[in-house]
Amino acid sequence: MSNVNSFFSLKNTVNNLTDNDVNQTANYLEVIEAFTRTTYKSIYVIDYQLKGFEYVSYNPLFLCGHSAQEVKEMGYDFYFKYVPESDLQLLLRINTIGFDFYEKIPFEERKEYSISYDFHLKNEEGKTILINQKLTPLFLTESGKIWKSICFVSLSTQQNSGNIIITKKDGTKKVMYDLDTDCWKTLKNIELSTREKEILQYAIRGYAISEISEKINISPDTVKFHRKKLFEKLDVANINEAISYATINKLL
């Protein structure tokens, strides 16, 4: 039998909520619902007081044959049913090390961090896909506990499970958890070349590949080559994600 409580850290137990805690959430799901209409990613809202999902967006790729409402009602039992055992143990480990990390962050900085990781999901036919989840705190209680988090789900660009990374929004801190040595390792800051910055800056302005090639006097194939290398460097799937990553992490 599944034990949903194993996904929820005792260090982040949310019991009584104050009026100020509750007032944070007025109408916020309407904003999230609107956002889901503009992205290919699936979005979950996790409630750590209720130990389940408050919101699940519709994306059949990640719902294993269920409706969004059904997955919402299943809560964390969904993972016990559709995640292979080895990756399920990985998720439980991530839960522990993630909350241990957050416990060491000052209250006022906790909403500035996100955690990302990859794991396999079995569909209703038993076939597996590798997905990426990225979570960041949405609301904290007055005592600094994470009350609700927002989770973005997409296909992974990696080859294997794991790849556990915590990032601060301004790019000043990025650490990866080494599963072999059981410790966090600081990752080097990413630096973009002059050409990569040029391509991103023109892309932000809406220029197509052919137009960028004319502006910087290189062939369209060379633009495509630099874009491909840029995507690999930033671990993103397309130019929109590259723009978002570079902007958030102040790489431009």
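A cavity, as the word is used here, is a set of grid points where a 1.4 Å probe fits but cannot get out. With that meaning, a search of the whole structure, which is a predicted model, finds two cavities of 30 Å³ or more. The tour takes in the overall fold, then these cavities, then the largest pocket, and ends at helix H8.

**Whole chain**

Show the protein as a cartoon. There are nine helices and eight strands to find. The radius of gyration is 20 Å, close to the 18 Å that the globule rule gives for 252 residues, so the protein is as compact as a globular protein of that length. Along the principal axes, the C-alpha trace spans about 60 × 45 × 45 Å.

**Largest cavity**

Select Tyr 48, Asn 95, Phe 99, Tyr 117 and Leu 135. Of the 19 residues lining the largest cavity, these are the closest to its centre. The volume enclosed is about 290 Å³. Next, colour helix H5 (85-103) together with E3, E4 and E5, the elements that each give two or more residues to this lining. H5 has the largest share, with six residues. How does the lining of the largest cavity divide into nonpolar, polar and charged residues? There are 14 nonpolar and five polar residues, and no charged ones.

**Second largest cavity**

Keep Phe 99 selected and add Asn 12, Tyr 102, Glu 103, Arg 110, Gly 144, Lys 145 and Ile 146; together with Phe 99 they line the second largest cavity. About 40 Å³ of space lies inside. The largest share of this lining, three residues, again comes from H5. By class, the lining of the second largest cavity has three nonpolar, two polar and three charged residues.

**Largest pocket**

Now move to the largest pocket, which has a volume of about 1,400 Å³. Select Lys 41, Lys 134, Val 236, Glu 241 and Tyr 245, which lie nearest the centre among the 45 lining residues. To see where the walls come from, colour strands E3 (113-122), E4 (128-140), E5 (146-155), E6 (162-168) and E7 (174-178), then H8 and helix H9 (239-248); each supplies at least two residues of the lining. Which element gives the largest share of the lining of the largest pocket? H9 does, with five residues. The lining of the largest pocket divides into 16 nonpolar, 17 polar and 12 charged residues.

**H8 and H6**

Stay with H8, one of the pocket's wall elements, and add helix H6. Two packed helices are described by the angle between their axes and the distance between the axes. The axes of H6 (residues 194-204) and H8 (residues 220-234) come within 10 Å and cross at roughly 100 degrees. That makes H6 roughly perpendicular to H8. Show side chains for Arg 195, Glu 196, Ile 199 and Leu 200 in H6, which meet Val 223, His 226, Arg 227, Lys 229, Leu 230 and Lys 233 in H8. This contact has four nonpolar, one polar and five charged residues.

**H8 and H7**

Hide H6 and show helix H7 (residues 209-216). The axes of H7 and H8 come within 8 Å and cross at roughly 105 degrees. H7 and H8 are therefore roughly perpendicular to each other. Select Ile 209, Ile 212 and Ser 213 of H7, then Pro 220, Val 223, Lys 224 and Arg 227 of H8, which make the contact. By class, the contact of H7 with H8 has four nonpolar, one polar and two charged residues. For a last view, bring H6 back and pick Val 223 and Arg 227: these H8 residues belong to the contact with H6 and to the contact with H7.

Definitions and conventions: Residues numbered from 1 in each chain as written. Predicted model: local features only at pLDDT ≥ 70, side-chain atom pairs only at ≥ 80, totals over all residues. Heavy atoms only, no water. Axes fitted to C-alpha atoms, helices over the stretch in contact; angles between N-to-C directions. Helix = DSSP H or I, 4+ residues; strand = E, 2+ residues; numbered from the N terminus. Parallel < 35°, antiparallel > 145°, perpendicular 65-115°, else oblique. Contact = heavy atoms within 4.5 Å. Nonpolar A, V, L, I, M, F, W, Y, C, P; charged D, E, K, R; others polar. 1 Å grid on protein atoms, 1.4 Å probe; cavity = no way out; pocket = protein on both sides within 12 Å on 5 of 7 lines; lining within 4 Å. Points joined across faces, edges and corners; volume = space filled by probe spheres on them. Rg over C-alpha atoms; globule rule 2.2 N^0.38 Å.
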